[in-house]
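Me: I am new to this structure and would like a close look at a single part of it. Please take the cysteines as that part, and go on from there only if it helps.

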Amino acid sequence: MPSALVRNGRVVTATASFDADVYVDAGRIALLGQGLSLPADTVVDASGCLVMPGGVDVHTHLDMPAGEIASADDFETGTRAAALGGTTTVVDFATPERGQSLLAALDTWRAKAEGRAVVDYGFHMALREVADSTLADMARLARDEGVTSFKAYLAYPGVLQVDDGAFFRALGAARECGALTLVHAENGGVIDVLVKRALARGDTAPRFHALTRPPAVEAEATARAIALAEIAGGPLYVVHLSCAPALAHVAAARDRGLPVQAETCPQYLFLSTTDYDRPGLDGALYVMSPPLREASDQDALWRGLAGGDLQVVATDHCPFTVADKARGRGDFSRIPNGAPGIETRLMLLWDGGVRAGKIDENRFVDLVSTGPARAFGLWPRKGAIAVGSDADLVVWDPERVTRLSAQTLHMRVDYNPYEGRLVHGGPVAVFSRGELVVERGEWKGRPGRGEFLKRGHGAPRPV
Ligand code: URP
Ligand code: ZN
């Protein structure tokens, strides 16, 4: 396997920044030090740049069926876009068909990724129902297959939602096998009533998506999930947390010492309810769940990221084309939920977070790489710049300017929620297990080189 040397850069980890060269051999970091002059197959001069561990995106939906359609990126196009944006590991959601065993679902989702993924990937397993056989499958997945996290939806009744009893059983089973329970925290039953009422009134425009999923339905479900996790005695991870009242419940739980973690996503930091008022069908492009929120929620999320109440920034990358979104013309409840983001996460968070002075560079690395790697049993193989870690490296030019646009980004979707936005800071070179897959912003990798990651057990962050 070829060796590589990244010279003259400033290494930035979750805890420190220091000048060092990084020598890579056999896909792993072999040596860190100043003035290294070892022969290497690939040499990258990182003068003026930062060298960070590759991004770890623990919330993606690649090749995800959604009724008659599927999310627009498959494992090749999605992971290539991820790498071009500085992300070198993804953890996607495998979702069983109703009645399908979790083990069979894992086979299905591994087959989607194998031969296509260009960076390393793992899976969480979604739980559609919680039968005795499901609990047995959970134990096998966690013990034998490296699937150590399970997601329950408290929303989408009749499709994905599980009731409180099923969720509680899953929390207990996950605790017993040392796994982490993820929760989509919105009250699906209440949302269903609000949606039906809105449609009956003739309120069909995209903005009613947000109005029928108010912050209180997320806050209620977040509080309930925390309470059920506490009774079950297990850890909890709240996905795509979007608003101040839900964050307050997470912060209060953590203050009480409960093993509760939460992620937010760039869309909740940079977009808002005003995007639903865009003309024509454009508001539909911003339909996702939870919906976009207010500026005051964004402020609270930034405080949560800086202060530690939020531990991860992931993407919930779930792209649908403009034509897919148009299926909801005249009925907001038929707009496919989700938006693209796998490529832009690091650029947005650097520009709006580090450059804007809201978080420092070490916190940035923690939020996009080390924190998620630790939470999901990938650290220190991923999310670290240390001897022995996988050589997943991002050479980051803080001065690089990018105008975000669907025309130039690489996600397989014909719009971008941040179209025209200028961001400072971006990846110029990206290594995945020691292989230079992005050079001067150009793609150099190949499909199928990504490997399935059998994950270990995550470590709850100290509160
Ligand atoms: O709108 C969203 N978030 N779509 C993806 C599925 C989910 O709820 O995470
Ligand atoms: Zn999601």
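**The cysteines, and then the metal site**

Reply: In this predicted model, the sulfur of Cys243 has as its closest cysteine sulfur that of Cys265, and because the two are 13 Å apart, they are too far from each other for a bond. Cys318 is likewise in no disulfide, since the nearest cysteine sulfur, again that of Cys265, is 11 Å away, whereas a disulfide would need the two sulfur atoms to be within 2.5 Å. For the structure as a whole, the number of disulfides is 0. As for their surroundings, Cys243 is buried, with a relative accessible area of 0%, and Cys318 also counts as buried, at 4% relative accessibility.

From the cysteines one may turn to the zinc ion (ligand 2), whose protein donors are His59 through NE2, His61 through NE2 and Asp316 through OD, at 2.0 to 2.1 Å from the ion. Along the sequence these donor residues follow the spacing H-x1-H-x254-D. Of the two histidines, His59 is buried with a relative accessible area of 0%, and His61, at 5% relative accessibility, counts as buried too. The arrangement around the zinc ion (ligand 2) is irregular, because the 4 donor atoms subtend angles of 87 to 138 degrees, while a tetrahedral site would need all angles to lie between 85 and 135 degrees. For comparison, the ideal angle for four tetrahedral donors is 109.5 degrees.

Key. Residues numbered from 1 in each chain as written. Chains lettered and ligands numbered in written order. Predicted model: local features only at pLDDT ≥ 70, side-chain atom pairs only at ≥ 80, totals over all residues. Heavy atoms only, no water. Buried < 20%, exposed > 50% of the residue type's maximum accessible area, 1.4 Å probe, protein only. Donors = N, O, S within 2.8 Å, 3.2 Å for Na, K, Ca; no water. Tetrahedral: all angles 85-135°; square planar, octahedral: opposite > 155°, others 65-115°.
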